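Reader: Hello! Could you take me on a close look at one part of this model, the helix packing and the cores that go with it?

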Amino acid sequence: VGYSVSWAPGTGVYVPTTAVGDGMAGILGSPLWKKICHNAKFEYKVLAKQGIELVNFEDTKVAAYLLGALLTGLKTLATQMLGIRPVTYEEITDGGKKKMSEIDAEAVMPYATADADNTLRLWSVLRKRLLAEELVSVYEQIEKPLIPVLARMEAAGIGVDVERCK
């Protein structure tokens with residue numbers, strides 16, 4: 001329903017999809033700006049449908065998984081690693097009764113900007129842990145390059161020879 005961006009801890013803006021122009025597409029597809037995502041595979045698939053290839057990104061979900069986190073949801077990681085209690089999807093959607101697209105942009109803004117801010121803050125923590133645990137090369141050379149591959153596989157689907165599997 002929109003994009004939220006944070007450029008420094010404690011900052012953030014939310015832009016509804018209806019207000020996004022070519023500038024945002026240019027940033028998301030540009031190698032000049034680093035994008036910190038939580039679940040970049042999802043973002044990659046959504047953007048690909050709009051003809052945008054997400055490049056120069058990091059992924060807090062994959063980093064947390066690589067570091068052994070059992071639960072890698074953004075809200076869980078923000079609570080555990082940042083010591084905060086973020087607003088949940090259920091709270092913003094009235095217990096799931098509404099779709100995010102049915103909620104006024106003004107009401108979505110604090111939720112979305114907090115997600116961007118928390119993702120940026122998490123990356124700072126996770127990057128240090130990847131370095132400390134000497135996992136940067138595994139993240140950079142194995143895990144992160146798989147994100148676009150898996151996203152394309154999920155988008156296209158895969159064929160399964162049912163008889164051979166039996």
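Author: Happy to! One term comes up right away: a helix here is a DSSP run of H or I with at least four residues, and helices are numbered from the N terminus. Under that rule, I92 belongs to helix α5, which covers residues 89-92. Please keep in mind that this is a predicted model.

Let's stay with I92 for a moment. Buried means under 20% relative accessible area, and I92, with a relative accessible area of 19%, is therefore buried. What does I92 touch, leaving aside its neighbours within four places in sequence? Its contacts are M100, I103, A107 and Y111. P110 lies 18 residues from I92 in sequence, and their C-alpha atoms are 9.7 Å apart in space.

Now to the cores. The largest nonpolar core has 26 residues, and the members that touch the most others in it are L54, L130 and Y139. Two or more residues of this core come from each of α1 (22-28), α2 (40-49), α3 (60-66), α4 (74-82), α6 and α7. Separate from it is a second core of seven residues, among them Y14, I103, V108 and Y111. Two of these names, I103 and Y111, you will remember as contacts of I92. As for L54, beyond residues up to four places away in sequence, it touches L28, K35, C37, A40, E43, Y44 and L47.

L130 and Y139 lead us to the helix pair α6 and α7. Helix α6 spans residues 105-132 and helix α7 spans residues 136-156; their axes are 7 Å apart and the packing angle is about 105 degrees. Angles of 65 to 115 degrees count as roughly perpendicular, so that is how α6 and α7 stand to each other. On the α6 side the contact involves W123, R127, L130 and L131, and these meet V136, Y139 and E140 of α7. By class, that contact has five nonpolar and two charged residues, with no polar ones.

Helix α7 has another partner in α2. Here the axes are 9 Å apart and the angle is about 55 degrees, so α2 and α7 are oblique to each other. The crossing of α2 past α7 is right-handed. From α2, the residues in contact are A40, K41, Y44 and K45, while α7 brings I147, P148, L150, A151, R152, E154 and A155. Seven of the residues in this contact are nonpolar and four are charged, with no polar ones. A40 and Y44 also link back to the core, as both are touched by L54.

Notes
Residues are numbered from 1 along each chain as its sequence is written. This is a predicted model: local features need pLDDT of at least 70, side-chain atom pairs count only at pLDDT 80 or more; totals for chains, interfaces and linings use all residues. Side-chain values use heavy atoms; hydrogens and water are left out. Axes are lines fitted to C-alpha atoms, for helices over the stretch in contact, and angles run from 0 to 180 degrees between N-to-C directions. Angles under 35 degrees count as roughly parallel, over 145 as roughly antiparallel, 65 to 115 as roughly perpendicular and the rest as oblique. Contact means heavy atoms within 4.5 Å. Ala, Val, Leu, Ile, Met, Phe, Trp, Tyr, Cys and Pro count as nonpolar, Asp, Glu, Lys and Arg as charged, and the others, Gly among them, as polar. A nonpolar core is a set of buried Ala, Val, Leu, Ile, Met, Phe, Trp, Tyr and Cys residues joined through side-chain atoms within 4.5 Å. Buried means under 20% relative accessible area, exposed over 50%, partly exposed in between (1.4 Å probe, protein chains only). A crossing is left-handed if the near helix is turned anticlockwise from the far one by less than a right angle, and right-handed if clockwise.
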